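Me: I'm new to this one, so can I quiz you on how the labels are earned? Show me the structure and we'll start.

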Amino acid sequence: MTQPQAIAVSIILVNYNGIEVLPNCLSSLEKLLQPPNYEIILVDNASTDSSWELVSEKYPQVRLIRQTRNLGFGAGNNAGAKIAAGEFLFLLNTDTVLTSNILPHLIDLMQADTQVGIIGPKLLNPDGSLQISVSPALGIKGEYQARQMHQAYQKASNLNFIEQKFQEIQEVDIVVGAAFFIRASLFQALGGFDENFFMYFEESDLCQRAQYLGYKIIYTPHVSLIHLKAYSIQKAANLMAVEYRRSQIYFYQKHRPLWEQLVLRLYLFYKFFGELIATANPNCLKIIILLFTFKKPTFKVSLPN
């Protein structure tokens with residue numbers, strides 16, 4: 001009797017009102033990946049756009065989890081990881097589209113070096129241009145370096161030079177969460193994502209904690225996929241602007257020295273007080289209030305020990 005083949009990769013998608021992008025994402029997975037050594041788990045964060053019903057009807061092979069409310073990106077992935085059977089987890093945004101079967105390369109990289117814990121593949125914009133998907137370690141210096149890199153990439157004269165920097169497999173500090181390949185055992189050992197992050201900085205926190213355990217973070221340009229970028233965020237830009245700063249402040253509380261926390265708060269106060277005076281944007285006031293909230297970081301997870 002033939003034994004069923006073990007699942008190598010559990011692909012986890014966290015969906016919130018993604019009905020416009022989900023079909024392309026799921027269809028590309030089904031078309032290009034080779035069964036049966038993978039599974040797809042979709043965690044729906046209480047969508048209201050019928051995307052849940054669409055997946056249930058059109059993609060019956062997808063394992064569905066429906067949350068009663070939107071608990072954020074990290075909590076959604078944690079819920080998916082609880083039922084995942086794969087040796088590896090591939091955390092994928094719903095606004096991505098595969099153009100080839102990228103899993104064999106990612107698995108080979110993991111198996112070649114047991115100290116590699118997380119891999120980020122190359123991300124492309126819909127026009128095929130490079131999308132920067134790595135970052136220096138977050139802190140005052142790292143954020144300045146990342147900002148300089150993104151600003152430089154906006155200039156056409158710099159594109160070729162920057163793309164040359166991402167032509168080889170390399171160890172990095174952070175890969176973005178849009179396409180995040182991680183050992184399931186490591187994800188469990190870390191307790192999954194810290195659910196105090198609703199959105200933003202949760203993958204940076206996870207990368208940081210993986211490095212504390214001695215694991216490497218790898219970027220590979222040898223496989224790629226399309227990322228529409230910020231599809232969900234654009235629907236709630238004002239809310240996400242506040243959430244970005246909330247997560248940034250929390251990340252600094254967890255990982256950065258006191259002087260950097262103070263510098264960040266002073267910078268944000270200067271920036272958003274000025275904007276509040278100039279624009280009367282109520283979100284600026286919400287961010288300023290955050291700056292005077294000093295809450296001791298707590299690591300909130302939902303995975304079993």
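Me: How many disulfides does the structure hold?

Reply: Zero. Keep in mind that this is a predicted model. A disulfide is a covalent bond between the sulfur atoms of two cysteines. To be counted here, a pair of cysteine sulfur atoms has to sit within 2.5 Å.

Me: What makes Cys25 and Cys207 buried?

Reply: The cut-off for buried is under 20% relative accessible area. Cys25 comes in at 1%, so it's buried. Cys207 is at 0%, so it gets that label too.

Me: And why is Ile277 called exposed?

Reply: Exposed means over 50%, and Ile277 has 61% relative accessibility, so it counts. You'll find Ile277 in helix H11, which covers residues 258–279. Together with Phe269, Phe273, Phe292 and Phe294, Ile277 makes a nonpolar surface patch of about 580 Å².

Me: Where does Ser47 lie, and is Ser47 buried or exposed?

Reply: Ser47 is in the loop between strand E2 (38–44) and helix H2 (51–58). Its relative accessible area is 7%, which is under 20%, so Ser47 is buried.

Me: How do you know that Ser47 and Asp44 share a polar contact?

Reply: The limit for such a pair of N or O atoms is 3.5 Å. The side chains of Ser47 and Asp44 are joined at 2.8 Å, within that limit. The Ser47 side chain also reaches the backbone nitrogen of Asn17, at 2.7 Å.

Me: Which residues does Ser47 contact, leaving aside neighbours within four places in sequence?

Reply: Those are Asn15, Tyr16, Asn17 and Arg66.

Technical notes: Residues numbered from 1 in each chain as written. Predicted model: local features only at pLDDT ≥ 70, side-chain atom pairs only at ≥ 80, totals over all residues. Heavy atoms only, no water. Patch = residues over 30% accessible without salt bridge, like charges linked within 9 Å, V, L, I, M, F, W, Y side chains within 5 Å. Areas by Shrake-Rupley, 256 points an atom, 1.4 Å probe, with all protein chains shown as cover. Salt bridge = Lys/Arg side-chain N within 4 Å of Asp/Glu carboxyl O. Helix = DSSP H or I, 4+ residues; strand = E, 2+ residues; numbered from the N terminus. Buried < 20%, exposed > 50% of the residue type's maximum accessible area, 1.4 Å probe, protein only. Polar contact = N/O pair within 3.5 Å; in protein donor to acceptor, adjacent residues only side chain to side chain. Contact = heavy atoms within 4.5 Å.
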